[in-house]
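Work through the following exercises with the sequence and the model side by side. Try each task before reading its solution.

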Amino acid sequence: MNHTTRNTALFIFLTMGLCFLFVINISLGSVSIPVKEIFTSLFGGNATKDTWEYIIINYRLPKAIAAVLVGMGLSISGLLMQTLFRNPLAGPYVLGLSSGASLGVAMVILGAAFLPPFIASVLLSSYGIVLASSLGSFFVLLAVLAVSQRLRDTMAILIVGLMFGSLTSAIVGTLTYFSTAEQLQKFTFWSLGNLGNLSWTAILILTICTAIGLLMGIFSIKPLNALLLGENYAKSLGLNYKKARLVIIFATSILAGSITAFVGPIAFIGLAVPHIAKLVFQTSNHNILFWSTLVFGAIIMLICDIISQAPGSDITLPINAVTSIFGAPIVIWLLVRKRKMMA
């Protein structure tokens, strides 16, 4: 079997696996619903019980869609950052966007006591927290872009992003020091991530943001391949480096910023999935890597969400903890296995 046939077969298998996991994700939960009833509801029919239909359409389906969007968006933004900075440890939050979002949310949740009651109640609503998170990410993005226009060295932008992250983390730390136990608990719950509280309006906004970011990523496939051999090589091929860098940073910002705003910061996915795709497909060509990372991201996020539901019990684990606990050992195992195969 040649390389192209192998990759095509792999991709078909992964796509089928994605569809299967999507259905499994919807079928699992604290309320047991027959698979037949799930298909009936998904294809426009009426389930035997109204409560089943309500759970499927208003809770489980949006959560499964959110898992797919989050997995795709964070994986691609991780791939973009790793290629741009030529750093395997770069992830979607390397520009400080997650820290900016955390700062925005911290200022609302932990600083609510200093605001008038009416304004505090509006800001503490689900959309108020999304807005605060978005504004936090946006202001950090503006700061990074402003600095990047003055810096020619891409690695310097990476350092600037990390410094912004440290600065915002320090402010969040100061806010937490003066906060009540209730405020700290609410902020901690947000930081652990949650896929399950999104309305259909929120899903629509997240879908649009993710689609825009992914579209910008698709247009960056050719520049990304050129960047594999370095900035000077890319320029010798006639690539407008500054423009390509700006598009890649914008794509990452839209993806990571919007996802963090709606579901909180999700660890591991953006950093690890591109490595899994590279190891499985054995290529660094972004024409293949982009689409394989996209599918792997959705699959792994669905698996993590299934695990977080702790099938067979009423317990729901924090999604952020699950992605790290179950994800990190898989990547370590894959890297060690690859090393042994090469030895």
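A residue is called buried when its relative accessible area is under 20%, exposed when this value is over 50%, and partly exposed in between. The model used in these exercises is a predicted one.

**Exercise 1. Classify Phe-187 and Trp-190 as buried or exposed, and describe how their rings are arranged.**

Begin with accessibility: Trp-190 has a relative accessibility of 12%, which is under the 20% limit, so Trp-190 counts as buried. Phe-187, with a relative accessible area of 9%, is buried by the same rule.

Next, consider the rings. A pair of aromatic rings is described by the distance of the centres and the angle of the planes. For Phe-187 and Trp-190 the centres are 6.0 Å apart and the planes stand at 25 degrees; because planes under 30 degrees apart count as stacked, this pair is stacked.

Finally, place the two residues along the chain: they are three residues apart in helix H8, and they are therefore separated by about one helical turn.

**Exercise 2. Decide which kind of aromatic pair Phe-290 and Trp-291 form, and state how accessible each residue is.**

The ring centres of Phe-290 and Trp-291 are 5.1 Å apart, and there are 75 degrees between the planes. An angle over 60 degrees counts as edge-to-face, and that is the class of the pair formed by Phe-290 and Trp-291.

Turning to accessibility, Phe-290 is buried, with a relative accessible area of 1%, whereas Trp-291, at 34%, counts as partly exposed. In the whole structure, a search finds five aromatic pairs.

**Exercise 3. Describe the largest pocket by its volume, its lining and the helices that contribute to it.**

The space in the largest pocket comes to about 690 Å³. The lining consists of 32 residues, of which Phe-189, Trp-190, Gly-193, Asn-194 and Asn-197 are the closest to the centre of the pocket.

Sorting the lining by class gives 18 nonpolar, eleven polar and three charged residues.

As for the helices, at least two lining residues each come from H3 (50-85), H6 (126-148), H8 (181-191), H12 (241-263) and H14 (286-308). Of these, H6 gives the most to the lining, with four residues.

**Exercise 4. Compare the span of helix H4 with the expected value, and find how many of its residues are buried.**

Helix H4 covers residues 97-109, which makes 13 residues. The expected span is 1.5 Å times one less than the number of residues, and for H4 this gives 18 Å; since the end C-alpha atoms are 18 Å apart, the two values agree.

For burial, twelve of the 13 residues of H4 are buried, so this helix is mostly covered. Among the buried residues are Leu-97, Gly-100, Leu-103, Val-105 and Ile-109.

**Exercise 5. Determine how many disulfides there are, and describe the surroundings of Cys-19 and Cys-304.**

A disulfide requires two cysteine sulfur atoms within 2.5 Å, and by this rule the count is zero. The cysteine sulfur nearest to that of Cys-19 belongs to Cys-304 and is 19 Å away, and Cys-19 is in no disulfide. Likewise, Cys-304 is in no disulfide, and the cysteine sulfur nearest to its own is that of Cys-19.

The last step is accessibility: Cys-19 is partly exposed, with a relative accessible area of 47%, while Cys-304, at 4%, counts as buried.

How values were computed:
Residues are numbered from 1 along each chain as its sequence is written. This is a predicted model: local features need pLDDT of at least 70, side-chain atom pairs count only at pLDDT 80 or more; totals for chains, interfaces and linings use all residues. Side-chain values use heavy atoms; hydrogens and water are left out. On a 1 Å grid over the protein atoms alone, a cavity is a set of points where a 1.4 Å probe fits but cannot get out, and a pocket is an open set with protein on both sides within 12 Å along at least five of seven lines; lining residues have an atom within 4 Å of a point. Grid points are joined across faces, edges and corners, and a volume is the space filled by probe spheres set on the points. Ala, Val, Leu, Ile, Met, Phe, Trp, Tyr, Cys and Pro count as nonpolar, Asp, Glu, Lys and Arg as charged, and the others, Gly among them, as polar. Rings of Phe, Tyr and Trp (its six-membered ring) pair if their centres lie within 6.5 Å; planes under 30 degrees apart count as stacked, over 60 as edge-to-face and the rest as tilted. Buried means under 20% relative accessible area, exposed over 50%, partly exposed in between (1.4 Å probe, protein chains only).
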